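Welcome! Have the sequence and the 3D view ready, and try each exercise before you read its solution.

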Amino acid sequence: MRKLYFVNNYKKAMYVIATLYFCITLNAQPITQRITGSVKDNTTGETLIGANIVVIGSNPVIGTTTNSEGNFILENIEVGTVSLRISFVGYKTVEIINRELRAGKALNINVFMEELILSGREVEIVGSVDKKGSVNTMTSVSSRTFTVDETRRYAGSRGDVARMASNFAGVQGASDDRNDIVIRGNSPSGLQWRLEGLEIPNPNHYGAFGTTGGPISMLNNNLLDNSDFLTGAFPSEYGNALSGVFDLRLRNGNSDNYEFIGMVGFNGFELGAEGPFSKKSSASFIANYRYSTMEFFEVIGMNFGTGTAVPKYKDFSFKVNLPTKKYGVFSLYGLGGSSEIDFLDSERDTNDVDFYGGEGWDLRNGSDLNITGINHIYNINSTSYLKTGLSFTYHYFYVKQDSIVPETKDVIPYYYSNFRENRLQFTTFYKKRLSIRNNIQTGININYYISNLHDSIFDEDYGKFNTLTSYEGTSALLRPYITWQFKLSDRLVFNTGVDYMYYTFNSTSGFEPRFGVKYNTGKSTTVSFAYGLHSQLLPSTTYNGQTYLGDGKYITFNKDLKLLKSHHFVLGFDWNISTFLRFKTEAYYQHIYDAAVNAHEEDTYSILNEGADFYIWNPDTLMSTGTGTNYGLEITLEHFLNNGVYFLATGSIFESKYKGSDYVERNTAFNSNFVTNLLAGKEWELNKNNTKQKIKKQRFTLGTDIKINWAGGRRYTPIDVEESKIEHEPVYITEQTYESRFPDYFRTDIKVYFNLGKRKLNYEWGIDIQNIFNNKNIYSQDFNTSTGELYYTYQLGIMVIPYFRIEF
């Protein structure tokens, strides 16, 4: 009995010990998440079945292979930074380095592999890091891929891709209160926005016709996939752009599980969701809605000192991905936003502080944008595919400006505008691998515009409104193109092509040759060169401006203006010093011609100086005889994220000149001469070596980022003080247009964030302090008619932006 009692208790004790050990072991397991993705040929889009995916540094080795659809899943990967190596027979190995895997969201990675050129018996497979090149393989120079992690991590970016891009070499922001970007001295209007392969209007709240920026972006970085940013001599696929291209791609939603995100910050209150339509298919959706923070606080009765001017905006974006087995992949996507703001001096209390309004004016401004599109990708065979897209956009922008009598607060009408434009766009291209060395892409893009443009200004002499623009009609832009890529070897690649533009509104056209070459001079160095002739339409409001002749008669002088054109030459050198360190330099020269200048009289006006404000202003009589020149040198030293450390140092020196109708060469409004950026960050996993089981069930990360921006001051035209006193309004010394420059711009931004990851749940708290030292950077100079003195308007002072994000 005594022996049996001992045996029974021994068994119970062993069962308890085993159970406790299992529970402890279970609790000790690190927080994990899954990685999903696909592997395809970067030329044909063909899925690569059986490609090997390995987690770099895993021990024992963690890996998988792609299935019959080219997709893969890696389960139970510890959250944090993760690196993958993707290999396939006959293709260059790809390394995806240090991507962030978060506890509350699966990581999706789409890999495009390049086929090897077998030029000898021995083949060296050269690894590549995803951020060193671009998604578009036809580019030769001036391009790079950016990730959503960068828009989140970089101080001062506010989750905005345009503000993020201002850290890159050759790029700077036009002002603190908007996200317009100046690329190599060009007007911000020279930039083109593309979404899912199709050109779109200005995707910013309060986005005016003819501009590309605004105070707040409608684009939500939670929906973005890896995308390209190009700054010169781009391939023939890209037309109707002069300075640069944002080629944005929306990611697919999680096709396995439902995921949600909530956020509150400077840009607004956000809610997002993604997931599968059915467990039986790979169809998925992703959607995000955002509502203005300031408007919400106004609704609940909180006042933040903005006076009568409360920015009100909302936006919604989505993508639906529908793959089929026989008919290719269909995707439906959309972006919509609405915004309005009123600066009402007539209703402003004398004790109110209105940081944005102007004394003596009532100004009402707003815009709407709606984009809906559908894409279809069909793999014809193993060497070719066809992609077709159709989209509809609606863009609306209005301004109502009235002058206010100070004593009585009476409202006197001054300026009204009402601009609407619908756009139906069709695009299709065919891409084929002719041989292992030759690839072609040919396609056509058709934009059909339905315009309704009206604005007028009050003429005190006649006591009535004079029409500035009055146009209702249709037009189309046709743009066929072809690109040929020839790989002489794995080290030497040629990209050449031609783009043709035809504008039916006035039958103007442009024939645009493109050429680029990349030569790998060694295992880690590349020399590249590219040339391109680029054309761009002027704003539709510019073509349709009217001149009043008297007796109720008007005439349109600007209808026959030519396309704005530019020659681009770029020479580059790229040195991958190590896996994580890269040096890059580019020299460029750009000659612009057929720019719109004043035809009524010889003066300093040129459309090359427009595009960085809430409107495009131009004389009512223009001609296409203006020119411009931009040239400079750019340097980039970048350390990609490794062991929690990253930095980006860029510097640019440049000249930007133009000639108006007086044929005198002057500085453009954007010729600040130099710009430098230093951006660096560090992330710490606080409990990485903690052995307590309760702590190990969570992951604590602390991160910080600092950005230092030093650039030449804004160009300005001096004011003649004595003449201004006589005229009781600012009188500019036009002979000295943009000769002067304000003191250098200097600003420091700091961001600190804390991340808490649990199982399938992620919290992030952060604070972004912009212009932390409150530097007084001058924005503009003006004349006070009351005091007879000059005064300055300054860029934004110190701004503290807290935020909170949850993912689950």
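The exercises below go from the whole chain down to single residues, and the model they use is a predicted one.

**Exercise 1. Work out whether the radius of gyration of the protein chain agrees with that of a compact globule.**

Solution.
- Step 1: Start with the chain length, which is 808 residues.
- Step 2: A compact globule with that many residues would have a radius of gyration near 28 Å.
- Step 3: The protein chain has 29 Å, so the value agrees with the globule rule.
- Step 4: For the extent in space, look at the C-alpha trace, which spans about 120 × 65 × 45 Å along its principal axes.
- Step 5: To fill in the picture, note that the chain holds 7 helices and 46 strands, and that buried residues make up 53% of the 808 residues.

**Exercise 2. Find which parts of the chain are tied together by the salt bridge between K92 and E114.**

Solution.
- Step 1: Check the distance: the closest N and O atoms of K92 and E114 are 3.8 Å apart, and the cut-off for a salt bridge is 4 Å.
- Step 2: Place both residues. K92 lies in the loop between β5 and β6, and E114 in the loop between β7 and β8, so the pair ties together parts that are 22 residues apart in sequence.
- Step 3: Compare their surroundings. K92 counts as buried at 15% relative accessibility, while E114 is partly exposed at 23%. The dividing value is 20%.
- Step 4: Put the pair in context: a search of the whole structure finds 38 salt bridges.

**Exercise 3. Decide whether D176 and R747 are buried or exposed, and say how their pair connects the chain.**

Solution.
- Step 1: D176 and R747 form a salt bridge, with their closest N and O atoms 3.2 Å apart.
- Step 2: This pair links distant parts of the chain, 571 residues apart: D176 is in the loop between β10 and β11, and R747 is in strand β42.
- Step 3: With 6% relative accessibility, D176 counts as buried. R747, at 11%, counts as buried too.
- Step 4: For another pair to look up, try D574 and R582, whose side chains meet in a salt bridge at 2.6 Å, N to O. Both of these residues are buried.

**Exercise 4. Describe the setting of T737, from its place in the chain to its contacts.**

Solution.
- Step 1: T737 sits in the loop between α7 (721–727) and β41 (740–741).
- Step 2: Its relative accessible area is 6%, so T737 is buried.
- Step 3: The side chain of T737 reaches the backbone oxygen of T734 at 2.6 Å.
- Step 4: Leaving aside neighbours within four places in sequence, T737 is in contact with T604, Y658, R666 and T717.

**Exercise 5. Name the strands that each supply at least two residues of the nonpolar surface patch.**

Solution.
- Step 1: Find the patch, which covers about 1,100 Å² and has F277, L332, F392 and I450 among its residues.
- Step 2: The strands are β22 (329–344), β24 (384–404), β25 (411–433) and β26 (438–459).
- Step 3: Take one residue as a check. L332 is found in strand β22 and is partly exposed, with a relative accessible area of 34%.
- Step 4: That value fits the patch rule, because patch residues need over 30% relative accessible area.

Conventions:
Residues numbered from 1 in each chain as written. Predicted model: local features only at pLDDT ≥ 70, side-chain atom pairs only at ≥ 80, totals over all residues. Heavy atoms only, no water. Helix = DSSP H or I, 4+ residues; strand = E, 2+ residues; numbered from the N terminus. Buried < 20%, exposed > 50% of the residue type's maximum accessible area, 1.4 Å probe, protein only. Polar contact = N/O pair within 3.5 Å; in protein donor to acceptor, adjacent residues only side chain to side chain. Contact = heavy atoms within 4.5 Å. Patch = residues over 30% accessible without salt bridge, like charges linked within 9 Å, V, L, I, M, F, W, Y side chains within 5 Å. Areas by Shrake-Rupley, 256 points an atom, 1.4 Å probe, with all protein chains shown as cover. Rg over C-alpha atoms; globule rule 2.2 N^0.38 Å.
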